[in-house]
Amino acid sequence: MQDPIPYRTRVHSSSPAAAANSDDSGPKPPQIEAALQKLVAENAVVVFGRQGCCMCHVVKRLLLGLGVNPPVVEVDEHAEAAVIDELARIAGGVEDGEGGSQGDGVKFPAVFVGGKLFGGLERVVATHISGELVPVLKEAGALWL
């Protein structure tokens, strides 16, 4: 029998992302920014969520049910602020200088489709119910059929 493909990526407290958020006052290391940008750019669908978040699990199961196998990044609570700030920057939000972001307001779970912020659980479920999710996923290259 074949081994399953791992679907989960975790940002552990020993990672550079966690180290960047240890005191919340210093700038984020460039490797975090580059890693998140690369992950969003290289995958048709990416799900970011808190470690152990049930809403992240619901999004993942819905996408798996449709035939999409997205990477799921479970962010440690120590790295949460740094990752949210970087995701807001990737999504086009403007940081307000106090560690928060203005504009799109990235919240977990955050789903990126085609390199752009798609939304959270509510948006994914709403577009699935309305029948618009599958065409969006096909357009992004996450589904072939």
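The following points describe the fold, the nonpolar cores and two helix features of this predicted model.

1. Overall make-up. The chain contains 6 helices and 7 strands, and, read from the N terminus, these elements follow the order β-α-α-β-α-β-α-β-β-β-β-α-α. Of its 145 residues, 37% count as buried. Where contacts join residues at least 6 apart in sequence, 63% of them link residues at least 24 apart.

2. The largest nonpolar core. This core has 17 residues, and those touching the most other members are Val 45, Val 47, Leu 63, Val 68, Val 111 and Leu 137. At least two core residues come from each of strand E2 (45-50), helix H3 (54-66), strand E6 (110-113) and helix H6 (133-140), with H3 giving the most, namely 4 residues. As a general background, nonpolar side chains tend to be buried together in soluble globular proteins.

3. Leu 137 within that core. Once residues up to four places away in sequence are set aside, Leu 137 touches Val 45, Leu 63, Leu 66, Val 68, Val 113, Ala 142 and Leu 143. Val 45, Leu 63 and Val 68, which appear in this list of partners, are also among the core residues that touch the most other members.

4. The packing of H3 against H5. Helix H3 and helix H5 (residues 121-130) pack with their axes 10 Å apart and at an angle of about 30 degrees; because angles under 35 degrees count as roughly parallel, the two helices H3 and H5 are described as roughly parallel to each other. Their crossing is left-handed. On the H3 side the contact is made by Met 55, Val 58, Val 59, Leu 62 and Leu 66, and on the H5 side by Leu 121, Val 124, Val 125 and His 128. Leu 66 of H3, which takes part in this contact, is also touched by Leu 137.

5. Helix H4. This helix covers residues 80-91, and its 12 residues, at 1.5 Å a residue, should span 16 Å, a figure that agrees with the 16 Å between its end C-alpha atoms; the expected span is reckoned from one less than the number of residues, which is why the 12 residues do not give a longer value. Within H4, the buried residues are Glu 80, Ala 82, Val 83, Ile 84, Asp 85, Glu 86, Leu 87 and Ala 88, a list that includes the acidic residues Glu 80, Asp 85 and Glu 86. After H4 comes Gly 92, which has a positive phi, near 105 degrees.

Methods. Residues are numbered from 1 along each chain as its sequence is written. This is a predicted model: local features need pLDDT of at least 70, side-chain atom pairs count only at pLDDT 80 or more; totals for chains, interfaces and linings use all residues. Side-chain values use heavy atoms; hydrogens and water are left out. A nonpolar core is a set of buried Ala, Val, Leu, Ile, Met, Phe, Trp, Tyr and Cys residues joined through side-chain atoms within 4.5 Å. Buried means under 20% relative accessible area, exposed over 50%, partly exposed in between (1.4 Å probe, protein chains only). Contact means heavy atoms within 4.5 Å. Axes are lines fitted to C-alpha atoms, for helices over the stretch in contact, and angles run from 0 to 180 degrees between N-to-C directions. Angles under 35 degrees count as roughly parallel, over 145 as roughly antiparallel, 65 to 115 as roughly perpendicular and the rest as oblique. A crossing is left-handed if the near helix is turned anticlockwise from the far one by less than a right angle, and right-handed if clockwise.
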